[in-house]
Amino acid sequence: MSGLGKRDLRHAARARRREIAAHLTPAARDAAASAIAEAVLRFVPDPSRVAVYESLPDEPPTGRLVEALLAAGHEVIVPVVQGDFSLEWRYAVPGASGDHATVRRPGHGGHAPDADERRGWLGTDALATCDLVVTPGLSVDAHGTRLGQGGGCYDRALLHRDPATPVVTLLHEGEQSDTDLPADAHDLPVDGYVTTTGRVVRLR
């Protein structure tokens, strides 16, 4: 698959993810949520502000990670995808980050937020204040090249982070790439990934 372009790689990766998710039993999903939370908590500096995405049903589950971080005294911010695919950030609220949360994506079945919803949002540059950033992704190679969904949300958002702040991607076990993924000039590499078995791989 190393000769494939991003579009074909995404198509294959999405199909693989759907297949993985379709075969996850409730018990296996619960175990994955616990493994991710335990693995990430082991390397989060204390105390921290951590950026975490709210997972869609076929993504590695993040709800338990958010709850565990909050319970441990960390501050957690989560993204809101805007119509132009920029990311705004808001504080995560205990009890509101289930592993099957509906992620609101304006222009993709969501709606434009009103003034009440925007109250308390932290701006598009909030990653500058984070000590760890946890991103979604379809795959990651040995150089830290991340294959995202194609909207460029995180590549733009990560421009705001402190260069010393580590960025990790969550993957289902088996989604890591053994071959180099294509990278454009605007693509920002990640520092590692964590899988649904709790495996932590540091790349940079």
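The paragraphs below walk through a predicted model of a protein chain, from its overall layout to its cores, a helix, its salt bridges and a few loop residues.

The protein chain has 204 residues, and buried residues make up 48% of them. Its secondary structure comes to five helices and nine strands, and a reader who follows the sequence from its start meets these elements in the pattern α-α-β-α-β-β-α-β-β-β-α-β-β-β. If one takes the contacts between residues at least 6 apart in sequence, 75% of them join residues that are at least 24 apart. The accessible surface of the chain comes to about 9,800 Å², and carbon and sulfur atoms account for 53% of that area.

The interior is a natural place to continue. In soluble globular proteins, nonpolar side chains tend to be buried together. The largest nonpolar core in this model has 39 residues, and the members that touch the most others are Val52, Trp89, Leu127 and Val134. Apart from that core lies another one, of five residues, which includes Leu9, Ala13, Leu138 and Leu181. To see the surroundings of one member of the largest core, consider leucine 127: once its neighbours within four places in sequence are left aside, leucine 127 is in contact with Ala51, Ile77, Trp89, Val133, Ala157, Leu158, His160, Arg161 and Asp162.

Helix α2 offers a view of how a single element is packed. This helix covers residues 26-43, 18 residues in total, and reaches 27 Å from its first C-alpha to its last, which is close to the 26 Å expected at 1.5 Å a residue. Its buried residues are Arg29, Ala32, Ala33, Ala35, Ile36, Ala37, Ala39 and Val40. These buried residues of α2 pack against two helices, α1 and α3 (63-71), and against the strands β4 (132-135), β7, β8 and β9.

Charged residues add another set of links. Side chains of opposite charge can pair when their charged atoms come close. The structure holds seven salt bridges, and one of them joins aspartate 187 to lysine 6, with the closest N and O atoms 2.5 Å apart. This pair links distant parts of the chain, for aspartate 187 sits in the loop between β7 (167-171) and β8 (192-195), whereas lysine 6 belongs to helix α1 (residues 6-22), 181 residues away in sequence. Both aspartate 187 and lysine 6 are buried, and a network of salt bridges links Lys6, Asp184 and Asp187.

Another salt bridge connects arginine 49 with glutamate 75, where the closest N and O atoms are 2.6 Å apart. Arginine 49 lies in strand β1 (residues 49-52) and glutamate 75 in strand β2 (residues 75-81), so this pair ties together parts that are 26 residues apart in sequence. Arginine 49 is buried, with a relative accessible area of 13%, whereas glutamate 75, at 35%, is partly exposed. Glutamate 173 and arginine 199 also form a salt bridge, with 2.7 Å between the closest N and O atoms. Here glutamate 173 is in the loop between β7 and β8 and arginine 199 in the loop between β8 and β9 (200-202), and the two are 26 residues apart. Glutamate 173 is partly exposed, with a relative accessible area of 29%, and arginine 199 counts as partly exposed at 32%.

The loop between β7 and β8 also holds histidine 172, a buried residue with a relative accessible area of 2%. The side chain of histidine 172 reaches the backbone oxygen of aspartate 58 at 2.8 Å. Beyond its neighbours within four places in sequence, histidine 172 is in contact with Arg17, Ile20, Leu24, Asp58, Glu59, Pro60, Thr195 and Thr196. Valine 190 is found in the loop between β7 and β8 as well, and is buried with a relative accessible area of 0%. Not counting residues up to four places away in sequence, valine 190 touches Val140, Gly144, Arg146, Val167, Thr169 and Arg204.

The last stop is glycine 148, in the loop between β6 (146-147) and α5 (153-157). At 11% relative accessibility, glycine 148 falls under the 20% limit and therefore counts as buried. Its C-alpha atom is separated by 5.6 Å from that of leucine 138, ten residues away along the chain. With residues up to four places away in sequence not counted, glycine 148 touches Arg10 and Leu138.

Terms used. Residues are numbered from 1 along each chain as its sequence is written. This is a predicted model: local features need pLDDT of at least 70, side-chain atom pairs count only at pLDDT 80 or more; totals for chains, interfaces and linings use all residues. Side-chain values use heavy atoms; hydrogens and water are left out. A nonpolar core is a set of buried Ala, Val, Leu, Ile, Met, Phe, Trp, Tyr and Cys residues joined through side-chain atoms within 4.5 Å. Buried means under 20% relative accessible area, exposed over 50%, partly exposed in between (1.4 Å probe, protein chains only). Contact means heavy atoms within 4.5 Å. Helices (H or I, at least four residues) and strands (E, at least two) are DSSP runs, numbered from the N terminus. A salt bridge is a side-chain nitrogen of Lys or Arg within 4 Å of a carboxyl oxygen of Asp or Glu. The expected span of a helix is 1.5 Å times one less than its number of residues. A polar contact is a pair of N or O atoms within 3.5 Å; within protein, one must be able to donate a hydrogen and the other to accept it, and residues adjacent in sequence count only if both atoms are side-chain atoms. Accessible areas come from the Shrake-Rupley method with a 1.4 Å probe; for residues, only the protein chains shown count as cover.
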